[in-house]
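Please walk through this protein and its DNA with me. Start with the fold, then look inside, then turn to the nucleic acid.

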Amino acid sequence: MDKNPSGEDNDDIDWDTEDELEIQDTVFSSCTNLRTTGQHVVCSNGEASSSSVPFQSSKFIQQFVVMGFTEESIAKAIEQNGENSDLVLDALLTFKALDDSPEEQPSTSPQLEPSISSDDSFSEYNENILDDVYEEDSWSSDSDNCINPVGRCYLNDEGSSLSGNEKTLLFLANMGYPEEEGSIAMKRCGPEASLPELVDFICAAQMARAEDPYLPEDVKPKLKHILNDFGGYKKRKMYNGLCKRKKPREISAEEETIRLPKPMIGFGVPTEPVPTMVQRFLPKKTIGPPFFYYENVALAPKGVWDTIKRFLYEIEPEFVDSRYFSATQRKRGYLHNLPIENRFPLFPLPPRTIHEALPLSKKWWPSWDTRTKLNCLQTAIGSAKLTDKIRKAVEKYDDEPPLEVQKYVLYQCKKWNLVWVGRNKVAPLEPDEVEMLLGFPKNHTRGGGISRTDRYKSLGNSFQVDTVAYHLSVLKDLFPDGINVLSLFSGIGGGEVALYRLGIRLNNVVSVEKSEANRNIVRSWWEQTNQRGNLIHFDDVQLLSRDCLEKLIGSFGGFDLVIGGSPCNNLAGSNRVSRDGLEGKESSLFFDYVRILDDVKSIMSRHR
DNA sequence: CGAAGGATGAGGAATGAT
DNA sequence: ATCATTCCTCATCCTTCG
């Protein structure tokens, strides 16, 4: 049993609690002070004003005005194509490209290049793949409308197309985006980034700022209004349409799109034969420290994982269904730079069928319900009304109900993860059953003021501990003296629990979690398991500015692991209201994960 | 008795597999 | 083409508490 592995062992180290608290206090106060600085930065870049537009013309025209096209060219494009957004945009881009293409820029702009080439985490990688850009680029052969310069941006220090950067920047500027933001986006998106991708990045950044709690209230509505009405998703969709039309068949977006493996076992799971072809390409710059581990739903809207991959150094994500670790399915993508050799699972191995996990249900389980695995545990549970309807539907028959009834009952049971708890009686899982299925200790989320509804919600949003622990197990030999962890979007502490159950000592854990109830859960678990290390909580990723990270890293010498799964609200299939992709209100916090990881990497590389 | 918070139930579509 | 799956949101009702 690994359930209570000590807290008693390894007492040879002198844990000076008072010193640590002092460090903690210093960090806290300094980070709090940084808020004003951060706020100032946000307010001073002026993207709100640069994005504002005259509101006198029709909405159809406005959407192009806000992109930076002149009213004359818009009028011309509408005249030629009618009020069809895609066609008009197409024409406008063509005008623009034709305007831009004849001129030859004499040299690279001195202001722009340093900011691009000085990035320590991307420049080397960029150089490696530059050679292929031209061959792969399908836009350059599209001579008809010369879309090439705006379709992609090139990071090339020499050669004939050195004006590509500037053209892209110029184009973005014409769309109303400040040069600074365009430059950052190009730097972050990499050399192959297309225009829609760059626009994505900038919009996401702007939206993140619109949500910034420290942004003055009078700026927020303006920003949001602009983003909602004219920018963001709508714009992106239009550009996507454009991409598909313009790209020749041979290198299609479909081929570039990440495909989910079948069976979904990633780079391998303990219970299945190892996949035959595991090629793992880790660019040199991405190899730790720090190690990082990012998680999100596998079944996200199209293109989301491509974007995630692009923002996380082009590392191939590992898609794993937790059905190979537990009695419940959980299809997730994990993107990390961990070694994948010599992994080992948590012991004891958890039950892997419904009957093993819920032995009492076996007695009542009808033979025609052939489920052996539960579906994904979500944040909401089936209603009493539904279980009542099912009972009434089934109890009318002494024997097996007719096929139609079976079909209906099975559909609902799968949809809501209902289990048989009595004769003709189904019920949703209890919270402690969900805890067990996800690999948490019993009562992990119980008590301390959390409501039952919120328990389900927190659990539904969590890691499957056994799955994550399998991936993290390689850290045990690498860090025999324990590790420092930066845990973003910690939730109920799935990462922490996984590390603890692996027997990896937690020296310093900086945990960022919005929900107070969740922070209490982690704090309580921390105390109950007699952790000797240092737990520092933040409630908002926005607070982790570069200065703040600098201080944290300075205080205990850097992070060994950055772990977290950013919000999936706007990616998950069950969201019928706001499945908006990575630009969504919550899911756009992914970009904060990237920002923070990037800062940690660059600060730590400087410290070394 | 009213405010606050918890519980309830109604509510499809995107996506990939076949 | 059909089928299966999906870390969900929101308005409303109910309970609790002062």
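The paragraphs below go from the overall chain to its interior and then to the two DNA strands.

This is a predicted model. Chain A has 608 residues, and 54% of them count as buried. Its secondary structure comprises 26 helices and 9 strands. Consider the contacts between residues at least 6 apart in sequence: 72% of them join residues at least 24 apart. The accessible surface of chain A is about 28,300 Å². Carbon and sulfur atoms hold 51% of that surface.

Now go inside. The largest nonpolar core contains 65 residues. L472, L475, L499 and L561 have the most contacts within this core. Helix 21 gives the core its largest share, 5 residues. Apart from this core lies another, of 45 residues. Its members include F311, F538, L543 and M604.

L499 shows how the larger core is knitted together across the sequence. Residues up to four places away are left out here. L499 then touches L472, L475 and L561, and also I483, V485, I504 and L506.

Helix 21 deserves its own look. The helix runs from 465 to 472. How many of its residues are buried? The count is 8 of 8. The buried set includes nonpolar residues such as V465, V468 and L472. D466, T467 and H471 are also among the buried residues. Several elements cover them, including strand 1, strand 2 (318-321) and strand 3. Helix 22 (475-478), helix 23 (494-501) and strand 9 (561-565) are also part of that cover. At the start of helix 21, a side-chain oxygen of Q464 comes within 3.1 Å of the backbone nitrogen of D466.

Step back to the loop before this helix. S462 sits there, between helix 20 (452-460) and helix 21 (465-472). Is S462 buried or exposed? S462 is buried, because its relative accessible area is 6%, under the 20% cut-off. Beyond its neighbours within four places in sequence, S462 contacts R330, F440 and I492.

Next comes the DNA. Take DNA strand B. It is surrounded by 15 residues, and K262, K302, S383, T453 and G573 are the closest. Of the DNA strand B atoms within 4 Å of the protein, sugar and phosphate make up 53%. Helix 17 (384-394) and helix 20 each supply at least two residues of the surface near this strand. That surface has 4 nonpolar, 5 polar and 6 charged residues.

Some polar contacts can be named. An N or O atom in the T453 side chain is 2.3 Å from a phosphate oxygen of DNA strand B. K302 uses a polar backbone atom, 2.8 Å from a phosphate oxygen of the strand. The R579 side chain places an N or O atom 3.3 Å from a sugar or linking oxygen.

DNA strand C has 22 residues around it. R332, N375, Q378, T379 and C568 come nearest. Here sugar and phosphate account for 67% of the strand's atoms within 4 Å of the protein. Strand 1 (291-297), strand 3 (331-336) and helix 18 (403-416) each bring at least two residues to the nearby surface. By class, the residues of that surface are 6 nonpolar, 11 polar and 5 charged.

Which parts of DNA strand C do backbone atoms reach? A backbone N or O atom of C376 is 3.3 Å from a phosphate oxygen. For N575, such a backbone atom lies 3.4 Å from a sugar or linking oxygen. For S574, the partner is a base nitrogen, 3.5 Å away.

Methods
Residues numbered from 1 in each chain as written. Chains lettered and ligands numbered in written order. Predicted model: local features only at pLDDT ≥ 70, side-chain atom pairs only at ≥ 80, totals over all residues. Heavy atoms only, no water. Helix = DSSP H or I, 4+ residues; strand = E, 2+ residues; numbered from the N terminus. Buried < 20%, exposed > 50% of the residue type's maximum accessible area, 1.4 Å probe, protein only. Contact = heavy atoms within 4.5 Å. Areas by Shrake-Rupley, 256 points an atom, 1.4 Å probe, with all protein chains shown as cover. Near = heavy atom within 4 Å. Polar contact = N/O pair within 3.5 Å; in protein donor to acceptor, adjacent residues only side chain to side chain. Core = buried A, V, L, I, M, F, W, Y, C linked by side-chain atoms within 4.5 Å.
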